[in-house]
Amino acid sequence: MSELLDRGRSVLVVIDVQEKLFPAVFDHERVLRKIDLLIAAANTFEIPVVLTEQYPAGLGPTIGEIRDLLPGTRALEKTHFSCVSSPGFSEHIYGLGRNQIVLAGIETHVCVAQTALELDFQGESVFLAADATSSRRPMDFEIGLRRLGRSGIAVTTAESVVYEWLRRAGTEEFRRLRSRLKEG
């Protein structure tokens with residue numbers, strides 16, 4: 001189903017951007033810039049942001065750059081690769097009363113893919129910000145994106161997500177986000 005994102009129906013899920021794994025991820029600087037843009041927009045529009053951490057005892061906490069953007073946000077710890085299979089995640093998401101799930105994070109072909117596919121199976125509208133996700137190996141990233149697109153997940157970009165949330169120029173929100181949008 002094709003649809004535009006609506007900031008009143010959206011939630012942003014940032015998956016497993018953790019200290020020990022993130023530096024090994026392909027093009028991680030791009031991923032951080034795009035996640036920063038998505039979080040800035042989510043904060044501007046008061047869109048809930050859900051943060052997850054895969055086995056933080058082994059992979060460490062969420063990187064400081066993201067934690068600093070989300071003061072007071074507690075990450076949901078998990079050991080399942082899919083966030084949906086992790087205790088508390090679904091209850092938290094459904095408790096927000098929003099059915100458009102924007103995904104970002106790592107790794108595209110594992111935790112992000114399994115989460116996207118399970119959410120889609122449950123009838124949610126899933127949007128993957130492709131440039132705000134990656135994997136350790138470029139091939140895994142590319143194959144993950146192609147698989148999700150063929151499976152009906154809306155594969156888009158962080159900038160597209162933000163412009164859909166904005167809907168028009170000339171607003172105070174647009175002025176606040178303009179410099180981040182220009183940074184690319």
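I take contact to mean heavy atoms within 4.5 Å. Axes are lines fitted to C-alpha atoms, for helices over the stretch in contact, and angles run from 0 to 180 degrees between N-to-C directions. Helices (H or I, at least four residues) and strands (E, at least two) are DSSP runs, numbered from the N terminus.

The model is predicted: local features need pLDDT of at least 70, side-chain atom pairs count only at pLDDT 80 or more, and totals for chains, interfaces and linings use all residues. Residues are numbered from 1 along each chain as its sequence is written, and side-chain values use heavy atoms, with hydrogens and water left out.

**Sheet.** I looked up the strand order first. The sheet is open, has six strands and reads 3-2-1-4-5-6, with parallel pairing (two strands pair if DSSP finds at least two bridges between them). Strand 3 (76-78) and strand 6 (154-156) are at the edges with a single partner strand each, so one side of each lacks a neighbour in the sheet. On average, neighbouring strands are turned by 25 degrees against each other, direction ignored.

**Strands 4 and 5.** I find six bridges between strand 4 (residues 100-106) and strand 5 (residues 125-134). Gly105 stands opposite Thr133 in strand 5.

**Helices on the sheet.** Helix 1 (residues 28-45) lies across strand 1 (10-15), strand 2 (49-54), strand 4 and strand 5. It runs at about 140 degrees to strand 5. I then checked burial in helix 5 (buried: under 20% relative accessible area; exposed: over 50%; partly exposed: in between; 1.4 Å probe, protein chains only). The buried residues there include Cys111, Val112 and Leu119. Just after helix 5, Gly123 has a positive phi of about 95 degrees.

**Aromatic pair.** I found one aromatic pair. Rings of Phe, Tyr and Trp (its six-membered ring) pair if their centres lie within 6.5 Å; planes under 30 degrees apart are stacked, over 60 edge-to-face, the rest tilted. Phe26 and Phe141 are tilted, at 6.3 Å centre to centre and 50 degrees between the planes. Phe26 lies in the loop between strand 1 and helix 1 and Phe141 in helix 6 (residues 138-150), so the pair ties together parts 115 residues apart in sequence. Phe26 is partly exposed at 32% relative accessibility, whereas Phe141 is buried at 6%.

**Core.** A nonpolar core is a set of buried Ala, Val, Leu, Ile, Met, Phe, Trp, Tyr and Cys residues joined through side-chain atoms within 4.5 Å. The largest has 37 residues, and Trp165 is among those with the most contacts inside it. Helix 1 gives the largest share, nine residues.
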